[in-house]
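This briefing covers strand pairing, nonpolar cores, salt bridges and one residue late in the chain. Please read it alongside the sequence and the coordinates.

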Amino acid sequence: MILRSIFAFARFFLHLRYRVRIEGIDKFDYNGPIIVFPNHPALVDPMIMITEIGKKKILSPVMTETYMTTPWLSPILKAMKTVPVGDLARGGSIDDVEKAFQGIRDGLENKQNILIYPSGHIYVQPFEHIVWKKMAYEIVSRLPKDAKI
């Protein structure tokens, strides 16, 4: 309940700057786990996705573990059951990636809804380079039977 209030508060401020139109929100009425693979053209996209879909479902984002140590953000991310990923550019290891992969699988089996940006970054060119395509493929190929994409 607290998360939904935080999302409504954030949505209010996002709507002051952005006009958001959601199509197909009814797809989130599904009772099983859902995994969402959006593209990532701007830094604000995850906030918009989380707050808008948060009207129906709480999404557990997969994100760099650096955000998990931000004092004001950490409690919110923990409440959302965020799946942290070690930052390979800052000394993370392949074990960190495997741990995140396991966190995603465990979350889906526990009926969590997962939000993962397979590109791993925002657009810096007119097309998107998907850095984590192998991880996305592995996740999709091992989805629980009741999971939806």
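Contact here means heavy atoms within 4.5 Å. By that criterion I35 touches I104, L108, I114, I116, I139, L143, K148 and I149, leaving aside residues up to four places away in sequence. The model is predicted.

**Nonpolar cores**

- The largest nonpolar core has 15 residues. I35, I104, M135 and I139 are the members with the most contacts inside this core.
- Two or more residues of this core come from each of β3 (83–85), α4 and α5. The largest contribution is that of α4, with 5 residues.
- A second core, separate from the one above, has 12 residues, among them F7, I34, L115 and Y117.
- In soluble globular proteins, nonpolar side chains tend to be buried together.

**Strands and crossover**

- Strand β2 (residues 59–64) pairs with β4 in the parallel sense, over 3 bridges. Within β4, the residue opposite S60 is I114.
- β2 is also joined to β3 by 3 bridges, and these strands run parallel. V62 has V83 in β3 as its bridge partner.
- A right-handed β-α-β unit is made by β2, helix α3 (residues 74–79) and β3.
- In a regular strand the side chains alternate between the two faces of the sheet.

**Salt bridges**

- How many salt bridges does the count come to? The count comes to 6 salt bridges, and the pairs described below are among them.
- R105 forms a salt bridge with E98, with 3.7 Å between the closest N and O atoms. That distance falls within the 4 Å cut-off, so the pair counts as a salt bridge. R105 is buried at 17% relative accessibility, whereas E98 is partly exposed at 43%.
- K111 and D146 form a salt bridge in which the closest N and O atoms are 2.2 Å apart. This pair links distant parts of the chain: K111 lies in the loop between α4 (94–109) and β4 (113–115), and D146 lies in the segment after α5 (133–141), 35 residues apart. K111 has a relative accessible area of 45% and is partly exposed. D146, at 24% relative accessibility, is partly exposed too.
- R142 forms a salt bridge with E138, the closest N and O atoms being separated by 2.9 Å. R142 is partly exposed, with a relative accessible area of 45%, whereas E138 is buried, with 18%. The value for E138 is under the 20% limit, so this residue counts as buried.

**A147 and its surroundings**

- Where in the chain is A147 found? A147 is in the segment after α5.
- Is A147 buried or exposed? A147 is buried, with a relative accessible area of 15%. Buried means under 20% relative accessible area, and therefore A147 qualifies.
- A147 touches Y30 and P33, leaving aside residues up to four places away in sequence.
- The C-alpha atoms of A147 and K111 are separated by 8.2 Å, with the two residues 36 residues apart along the chain. K111 is also the salt-bridge partner of D146, and D146 is likewise in the segment after α5.

Notes
Residues are numbered from 1 along each chain as its sequence is written. This is a predicted model: local features need pLDDT of at least 70, side-chain atom pairs count only at pLDDT 80 or more; totals for chains, interfaces and linings use all residues. Side-chain values use heavy atoms; hydrogens and water are left out. A salt bridge is a side-chain nitrogen of Lys or Arg within 4 Å of a carboxyl oxygen of Asp or Glu. Buried means under 20% relative accessible area, exposed over 50%, partly exposed in between (1.4 Å probe, protein chains only). Helices (H or I, at least four residues) and strands (E, at least two) are DSSP runs, numbered from the N terminus. A nonpolar core is a set of buried Ala, Val, Leu, Ile, Met, Phe, Trp, Tyr and Cys residues joined through side-chain atoms within 4.5 Å. Two strands pair if DSSP finds at least two bridges between them. A crossover is right-handed if, with the strands pointing away from the viewer, the path from the first strand over the helix to the second runs clockwise.
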